[in-house]
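Let's take a stroll through a protein model, piece by piece. Have the sequence and the 3D view open while you read.

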Amino acid sequence: MISVAFLVILFSVQKFGTSKVGLAVGPALFIWFCSLAGIGIYNLLKYDTSVLKAFNPVHIYLYFKRNSVKAWYALGGCLLCATGSEAMFADLCYFSVQSIQVMELENLVTNLLLTFVFLVLPCLLLGYLGQAAYLINNPSGEEQPFFYSIPGGMFWPIFLIANIAALIASRTMTTATFSCIKQSTALGCFPRLKIVHTSRKFMGQIYIPVINWFLLVVCLIVVCSISSINEIGNAYGIAELGVMMMTTILVTIVMLLIWQINIVIVLSFVIFFLGLELTFFSSVLWSVTDGSWIILVFAVIMFLIMYIWNYGSKLKYETEVKQKLSMDLMRELGCNLGTIRAPGIGLVYNELAKGVPAIFGHFLTTLPAIHSMIIFVCIKYVPVPMVPQSERFLFRRVCPKSYHIFRCIARYGYKDVRKENHQTFEQLLIESIEKFIRREAQERQLESDDDEDTDNEEDTSLSRVLIAPNGSVYSLAVPLLAEFGSSSNNPISEASTSEEVTADLPVDPSISDAEHGLERELSFIRKAKESGVVYLLGHGDIRARKDSWFIKKLVINYFYAFLRKNCRRGIANLSVPHSHLMQNGSTKEDEHSERAYLFSISDRSCIVELKSTAN
């Protein structure tokens, strides 16, 4: 019950964030490590200093020679002696590239290594050596050697510090879990969940309520159902080795594909580290029936959730790509899109990065009018930590200029924090599209200037040069009388200077037309913005075909549908105000048909739903 109470406290303070409760982490861990070292030295001096012989690696060989199979079983316990210390490094994922550059990466790594080598490692070694010295003289205390070896008057203070240290280590791993879930969600490998940012200064400090309470429930079940601490230790050991092996495999891939290191060095790395980890892993697998099965079942459940979500999302996206509207249809509809264009800007959210989504056709057939300016907004999370604000939006025209339809891809990194409200987002979007239109006009002007320069050079060579029948070449730019006078004295030749010729040339009407067209379009955008911005959200659902395999029907129609129904909706993720929201949904049974669609308009006071059937 003491463990249950501490667990409830641990997960209850998670919502306050690392920055608010992290002031006690450093002193508490320092006191904990110093306590380990002090207790170890006390037991060494009191019981037996001969345990220092364990530093001799010969005893490893002698131990295996004496115990053979039992020694191999004990490898899992040896691994647990070192695990837990890596929790200090779990919060490094919160440091951004900029913050690490400010702190200087070399100094950061150096400080971590110095802390581990000169504080953590010696304290751990002294603590375990002291326990060994105690067990030599007290073999009956093998169940709880640490607490039994504490001097009588120091038991309760050390007990309190030990629990605080366990809470800190557990909290560190929990916050690291939040970070992994957030990044998995951004990469499309986990359902969308509510993410709360607990710090205004540090972007990586987050809190996910659903995961927090889920972990609390699982921890309480494990603590209350498992009778022995050894079973929890076995489960932790197999989880730790799984992480180590996965890390080794991923680093090997990076060495081959990214760093492109010599294959001999890569093989040496894999053989040494992966071989060592597989040896420990083989020892831990023998304890599957003694508690390790818990972590394996948990891992399988998490894998299935991530795989089903990724598979269903990918299938849904592929179906939307196949059903997008053709550009020929858009041209046939004309610039009015076959309906009335009302003043305003419509932001159509969808997942397509190219083309016109099929959900837009439902808006055209359902709404009595469509906005004068349409922007297809596609939010994409790219596999980089952060995207600079100047590179956030990518624009292009979807249809001819008179349609006023644009495609916008809003790019976010998997560590980007989307804190802007809808007004800020709209302002950034409009500013970016104005920059895009200006840049597009400049590029067109440069292209036209290049074409005109080429044409002018050809026209000049043809119109200002006359070839007589006898082969003589005459320049029409300079009067023939100039050939008989001095260029410095002849007034006719002086009249043909560059400034006067340029002044006499007519103004190119194409330039002013381009400028007027640019101003007209920018003015059109500003007026549309003043008329209001409406968010048009398309909700697409997918169903497996009737002739599909049973497993596919089970995965898509039930498991994936359950995840989509219970995950965080796009409205909440986008922070869309309900007063500016229109929704349209469709259910796709396969790649070629749609069963029905639902359209709703959300307002401050009412919600109107229209149901229809489309074949």
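Helices and strands here are runs assigned by DSSP, with H or I over at least four residues for a helix and E over at least two for a strand, and they are numbered from the N terminus. You are looking at a predicted model, where local features need pLDDT of at least 70, side-chain atom pairs count only at pLDDT 80 or more, and totals for chains, interfaces and linings use all residues. Residues are numbered from 1 along each chain as its sequence is written, and side-chain values use heavy atoms, leaving out hydrogens and water.

**The whole chain**

The protein chain comes to 22 helices and 12 strands. Of its 615 residues, 36% count as buried. Buried means under 20% relative accessible area, exposed means over 50%, and partly exposed is in between (1.4 Å probe, protein chains only). Two residues are in contact if they have heavy atoms within 4.5 Å. Among contacts between residues at least 6 apart in sequence, 75% join residues at least 24 apart.

**Two annotated stretches**

The unreviewed UniProt entry lists several stretches as "transmembrane region", including residues 292-312 and 358-382. UniProt positions are given in the numbering used here, feature names are shortened, and annotations may be inferred rather than shown by experiment. What do those two stretches look like in the model? Residues 292-312 are 100% helix and 0% strand, with the end C-alpha atoms 31 Å apart. Residues 358-382 come out as 36% helix and 56% strand, and their end C-alpha atoms are 24 Å apart.

Helix α16 covers residues 358-366, and 7 of its 9 residues are buried. Among these buried residues are Phe 360, His 362 and Phe 363.

**The nonpolar cores**

A nonpolar core is a set of buried Ala, Val, Leu, Ile, Met, Phe, Trp, Tyr and Cys residues joined through side-chain atoms within 4.5 Å. The largest one has 26 residues, and Leu 347 and Ile 375 have the most contacts inside it. Several elements each supply at least two residues of this core, including β3, β4 (369-382), β6 (405-413) and α20 (509-531). The largest share, 6 residues, comes from α17. If you skip the neighbours within four places in sequence, Ile 375 is in contact with residues including Leu 347, Phe 406, Leu 429 and Ile 433. Apart from this core lies another one of 19 residues, and Met 330, Ile 405, Val 534 and Leu 536 are among them.

**A buried arginine**

Now find Arg 341 in strand β3, which runs over residues 340-349. Lys and Arg count as positive and Asp and Glu as negative, while His and the chain ends are not counted. A salt bridge is a side-chain nitrogen of Lys or Arg within 4 Å of a carboxyl oxygen of Asp or Glu. Which side chain of opposite charge is nearest to Arg 341, and how many Å away is it? It is Glu 521, 11 Å away, and the buried Arg 341 has no salt bridge.

What does the side chain of Arg 341 reach at 2.6 Å? It reaches the backbone oxygen of Cys 335. The backbone oxygen of Tyr 403 is also reached by this side chain, at 3.0 Å. Beyond its neighbours within four places in sequence, Arg 341 is in contact with residues including Ile 370, His 371 and His 404.

**Four more residues**

Here are some residues to click on, with their relative accessible areas.

| Residue | Status | Relative accessible area |
|---|---|---|
| Ser 68 | partly exposed | 43% |
| Gln 260 | exposed | 62% |
| Glu 277 | buried | 10% |
| Ser 184 | buried | 19% |

Ser 68 is in the loop between α4 (58-67) and α5 (69-73), and its phi is near 45°, a positive value in a residue other than glycine. Gln 260 sits in the loop between α12 (229-257) and α13 (263-285). Its phi is positive too, about 55°, although Gln 260 is not a glycine.

Glu 277 belongs to helix α13. A polar contact is a pair of N or O atoms within 3.5 Å; within protein, one must be able to donate a hydrogen and the other to accept it, and residues adjacent in sequence count only if both atoms are side-chain atoms. The side chain of Glu 277 makes one with the side chain of Thr 248, at 2.9 Å. Glu 277 and Met 245 are 32 residues apart in sequence, yet 6.4 Å apart in space, C-alpha to C-alpha.

Ser 184 lies in helix α10, residues 155-186. Not counting residues up to four places away in sequence, Ser 184 touches Cys 189, Phe 190 and Met 306.
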